[in-house]
Amino acid sequence: GASHRAIVLTCRDAPDSLGAEGYQLDVRPDGVRVVAAAPAGLFYGVQTQRQLLPPEIEADQPATPAEGWSLPAVSITDRPRFRWRGLLLDCCRHFLSPEFVERYIDLLAYHKLNVLHWHLTEDQGWRIEIEKYPRLTEVGAYRPETMVGKHFDPYVGDGKPHGGFYTQDEVREIVDYARARY
């Protein structure tokens with residue numbers, strides 16, 4: 001049995017109706033229990049717990065005092081209506097740092113979105129390293145200065161041409177980061 005005021009995450013005795021991403025969350029005075037059929041459901045149940053806490057819990061700096069925080073007593077059964085829930089991140093037209101992409105993934109996960117459509121290649125930018133074809137990133141990852149005054153501005157505030165690309169290792173790290181957040 002759980003100790004007093006414990007948070008219990010379990011895949012035992014989960015109803016089949018929850019599917020792989022559903023969960024049951026029960027918050028009672030003696031503790032919190034999340035039941036899911038699979039780890040993704042537990043993850044999404046924890047996201048709901050985060051959403052029930054005061055916004056200070058998400059601050060960059062540790063918020064104090066935590067003693068005043070509490071979860072409301074609730075009983076929630078939740079499962080996604082749609083299997084595919086996601087957003088597009090277009091890094092072709094505007095290169096975004098790997099740290100930004102990971103923060104974007106964190107926000108998707110927080111809102112229980114499970115698909116990142118990561119746009120990496122097109123005529124306006126080639127953002128992924130292909131070792132066999134280095135010119136793709138040498139040329140295609142940067143907007144040349146000759147584009148000034150055209151239909152888009154290649155400069156980002158500091159007067160320097162804009163661009164960049166993700167190495168294969170960075171792509172693997174970002175994919176792993178996303179996978180860990182379902």
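# A tour of the predicted model

Read along the sequence, the pattern is β-β-β-α-β-β-α-β-β-β-α-α. This is a predicted model. Colour the protein by secondary structure, and four helices and eight strands appear.

**Whole chain.** Stay with the full view for a moment. The protein has 182 residues, and 31% of them are buried. Now think about contacts between residues at least 6 apart in sequence: 60% of these join residues at least 24 apart.

**Stop 1: Cys 11.** Select Cys 11. It sits in the loop between strand S1 (6-10) and strand S2 (23-28). Is Cys 11 buried or partly exposed? Its relative accessibility is 35%, so Cys 11 counts as partly exposed. Next, add Ala 36 to the selection. Ala 36 is 25 residues away along the chain, yet the two C-alpha atoms are separated by 4.9 Å. Show the surroundings of Cys 11 too. Setting aside residues up to four places away in sequence, Cys 11 touches Ala 36, Ala 37, Ala 38, Pro 39 and Leu 42.

**Stop 2: the helix pair.** Select helix H2 (residues 98-110) and helix H4 (residues 168-179). Their axes lie 10 Å apart, and the helices pack at an angle of about 15 degrees. Angles under 35 degrees count as roughly parallel, so H2 is roughly parallel to H4. The crossing of H2 and H4 is right-handed.

Now show side chains where the two helices meet. From H2, pick Pro 98, Val 101, Glu 102, Ile 105 and Asp 106. From H4, pick Glu 170, Ile 174, Tyr 177 and Ala 178. What kinds of residue make this contact of H2 with H4? Six are nonpolar, three are charged and none is polar.

**Stop 3: the largest nonpolar core.** Keep Val 101 and Ile 174 on screen. Both are among the residues with the most contacts inside the largest nonpolar core, along with Leu 89, Cys 91, Trp 118 and Tyr 166. This core has 14 residues. H2 and H4 each supply at least two of them. Which element gives the most to this core? H2 does, with four residues.

Centre the view on Leu 89. Leaving aside neighbours within four places in sequence, its contacts are Leu 96, Phe 100, Val 101, Tyr 104, Leu 116, His 117, Trp 118 and His 119.

**Last stop: another core.** Apart from the largest core lies another, of 11 residues. To find this other core, select Leu 25, Ala 40, Phe 43 and Ala 109, which are among its members.

Conventions. Residues are numbered from 1 along each chain as its sequence is written. This is a predicted model: local features need pLDDT of at least 70, side-chain atom pairs count only at pLDDT 80 or more; totals for chains, interfaces and linings use all residues. Side-chain values use heavy atoms; hydrogens and water are left out. Axes are lines fitted to C-alpha atoms, for helices over the stretch in contact, and angles run from 0 to 180 degrees between N-to-C directions. Angles under 35 degrees count as roughly parallel, over 145 as roughly antiparallel, 65 to 115 as roughly perpendicular and the rest as oblique. A crossing is left-handed if the near helix is turned anticlockwise from the far one by less than a right angle, and right-handed if clockwise. Contact means heavy atoms within 4.5 Å. Ala, Val, Leu, Ile, Met, Phe, Trp, Tyr, Cys and Pro count as nonpolar, Asp, Glu, Lys and Arg as charged, and the others, Gly among them, as polar. A nonpolar core is a set of buried Ala, Val, Leu, Ile, Met, Phe, Trp, Tyr and Cys residues joined through side-chain atoms within 4.5 Å. Buried means under 20% relative accessible area, exposed over 50%, partly exposed in between (1.4 Å probe, protein chains only).
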